[in-house]
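Reader: I would like a close look at one part of this model, with its surroundings described carefully enough that I can follow along in the viewer. Please take me through it in one connected account.

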Amino acid sequence: MSVRGLGPDAGPKAGPDAKAGGDISIREVTKIYDPDGIHVVAVERCSLEIAAGEFLVVVGPSGCGKTSLLNVLAGFEDLTDGEILLDGKPIAAPGRPVEPGSDRIVVFQNGALFPWKTVLENIVYGPMVQRRRELGRARQAARNLLAQVGLEGIEGSYPAELSSGVQRRVEILRALINEPRVMLLDEPFRGLDAVAKSVMHQFLLDLFERTRLTMFFITHDLDEAIFLGDRVVVMTTRPCCPKLVLQVNLPRPRDHRALGDTRFLELKRAALEAVHEEALKAFRAGERELA
Amino acid sequence: MASGILTAPSNPRRKAHPWLRQSFNRHTLRGAVTLVVFVILWALVVAFKVPYLRLLPPPRDVAVSLLQSVASAGYWANWWISMVHIAVGFVAAVVVGVPLGLAMGINRTVRRFVFPIFEVLRPVPPIAWIPLAIIFWPTVSLTIYFLVFTGPFFIIVLNVMDGVREVSQNHVRAALSLGAKPRDVFWRIMLPATLPYVMTGMAVGMGVTWNVLIAAEMVTSATESGLGSMTWTAYTNGILPVIVVGMLSIGVAGYLSSALLRLLGERLMPWQRRI
């Protein structure tokens with residue numbers, strides 16, 4: 001088997017694969033938490049269309065409800081109202097039991113590799129629990145994946161023996177081997193230093209060029225958002241819904257030079273303004289909550 | 001140094017066991033110096049007839065008595081009996097305690113039912129169980145097994161319960177996201193994630209276990225043997241060097257059982273050893 005776009009013959013121009021899908025439709029989604037009668041509206045009437053093969057980045061102040069949206073998308077939590085479709089099929093609706101699945105895999109902030117498993121065991125975890133594929137072949141596929149991104153030789157290491165940058169890359173490979181239609185990345189590079197972060201950006205951009213998976217990427221780093229995304233959505237503070245959508249018209253494949261492009265700077269200025277406004281609102285709301 | 005000699009040259013990955021490597025280095029040498037000084041002080045205390053310590057047997061007598069013990073089958077029988085007491089009681093505590101701890105950690109209802117009893121029984125020192133245990137259990141062996149069981153049992157259950165509650169939600173969600181079923185989450189996430197807590201519970205529990213065992217053996221020494229009973233009998237017979245030999249043996253036995261647990265932990269949790 002070969003992961004889409006990462007097979008031996010898949011060149012960098014493999015491009016979007018229409019059959020593989022990954023089209024997400026978020027329709028009027030509302031998520032209300034109600035622990036002990038405290039009514040918290042995390043997401044309110046949020047609608048977003050994400051095309052198959054699009055790299056969508058969501059930015060917003062911390063605690064604005066971005067992660068709630070991702071949790072609903074991932075199937076970790078149910079939603080209060082609205083519905084979410086993946087390639088036309090509903091994956092979340094009110095009253096529907098939550099079901100996470102390997103068609104949309106989450107990469108977490110702070111990393112979630114299993115510390116008791118070696119790198120290889122971590123990567124084949126998905127194929128193993130899905131029992132769809134022979135384990136030997138999955139191991140071979142995992143080794144190929146590692147080799148393709150220049151990480152051969154670490155199969156037998158435990159996550160704690162690796163730098164956090166390598167850990168994040170392994171975690172992304174662990175998702176990728178399942179051939180998901182969508183990758184949900186929740187601030188995956190948070191806590192990395194600037195150098196490691198820029199390596200990770202290049203890594204993710206290369207992967208995106210080759211696989212053209214739909215990416216749903218959450219961050220609050222604007223540079224990262226514009227550098228990586230096809231579209232950047234600035235969210236309002238709680239309740240979370242799109243405030244500003246920026247089309248990033250920087251050509252792909254991108255590299256660090258894009259960061260100095262005037263279009264980049266203009267986009268950043270526009271995004272900054274919107275984010276600042278929301279951050280202030282969040283700050284005042286916080287003050288009110290404290291008072 | 002020592003590790004170089006002990007490493008098999010044909011297979012560079014296979015190193016001398018850490019226990020062997022750690023046995024000969026600067027730090028253990030320092031420990032040995034302290035030990036020698038201790039024995040010298042002991043000899044001086046006896047030689048100068050320090051008040052209150054006048055009956056203390058000199059190191060030489062203890063050494064002679066130790067050699068005699070080591071040469072006798074009865075001494076090793078006592079070792080064997082104590083080890084069996086420990087093994088049965090401790091294994092029972094693990095076998096009952098780990099599943100109970102898991103259940104209490106995973107299921108809130110189970111926790112709410114069982115936890116209040118725990119809060120009452122846990123502070124009761126295991127030694128306080130001795131009278132009831134003697135009354136209730138038909139044989140002395142069963143009494144001792146039960147007492148040994150009460151030592152580590154509560155510690156193991158509470159550690160495992162905490163361990164389950166410390167399982168990272170991200171790990172569980174990552175597993176679900178990768179297509180794991182609840183069964184996989186239990187066997188492949190919950191269990192390995194709580195294993196370090198199980199081992200900690202066992203290690204702490206092992207310390208208590210020897211306390212309880214020796215007390216139990218001393219109380220029942222008229223009918224049941226073991227290292228504790230050997231020490232107590234030596235006391236009632238007024239053979240002071242054997243008392244000290246008994247104490248030393250108990251110390252060594254306790255150390256060996258803890259070392260055994262440590263080895264087990266390293267074997268079961270290779271990801272922790274290599275860090």
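**Strand β9 of chain A and its surroundings**

Author: To begin with the overall setting, the C-alpha centres of domain 1 and domain 2 of chain B are 29 Å apart in this predicted model. Domain 1 of chain B covers 2-47 in the domain assignment, while domain 2 of that chain covers 72-273.

With that setting in place, the part to look at closely is strand β9 of chain A, which comprises residues 231-235. Of the 5 residues in this strand, 4 are buried, and β9(A) is accordingly described as mostly covered. On one hand, β9(A) pairs with strand β3 of chain A, residues 55-59, in the parallel sense and over 4 bridges; within β9(A), A:V233 is the residue that stands opposite A:V58. On the other hand, β9(A) is joined by 5 bridges to strand β10 of chain A, residues 242-247, and these two strands run antiparallel. A:R231 has A:Q247 of β10(A) as its bridge partner, and the hairpin that β9(A) and β10(A) form leaves 6 residues between the two strands. As general background for reading such a strand, side chains in a regular strand alternate between the two faces of the sheet.

The nonpolar core comes next. The largest one holds 125 residues, and the members that touch the most others are A:V232, A:L184, A:F216 and B:V148. Helix α8 of chain B, residues 140-165, is the element that gives the most to this core, contributing 15 residues. A second core, separate from that one, has 5 residues, among them B:V62, B:V242, B:V244 and B:V245.

Returning to the largest core, A:L184 can be followed through its contacts: when residues up to four places away in sequence are not counted, A:L184 touches A:L70, A:L73 and A:A74, then A:R104, A:I105 and A:V106, and also A:F216.

Finally, in chain B, B:I243 is found in helix α12, which spans residues 240-268. B:I243 counts as buried because 20 C-beta neighbours lie inside 10 Å of it. If neighbours within four places in sequence are left aside, the residues in contact with B:I243 are B:T231, B:A234 and B:Y235. Measuring from C-alpha to C-alpha, B:I243 is 20 Å in space from B:I40, and the two are 203 residues apart in sequence.

Notes: Residues are numbered from 1 along each chain as its sequence is written. Chains are lettered from A and ligands numbered from 1 in the order in which they are written. This is a predicted model: local features need pLDDT of at least 70, side-chain atom pairs count only at pLDDT 80 or more; totals for chains, interfaces and linings use all residues. A nonpolar core is a set of buried Ala, Val, Leu, Ile, Met, Phe, Trp, Tyr and Cys residues joined through C-beta atoms within 7 Å. A residue is buried if 20 or more other C-beta atoms lie within 10 Å of its own, exposed if 12 or fewer, and partly exposed in between; C-beta atoms are placed from the backbone. Two residues are in contact if their C-beta atoms, placed from the backbone, lie within 7 Å. Two strands pair if DSSP finds at least two bridges between them. Domain bounds come from an automatic or database domain assignment.
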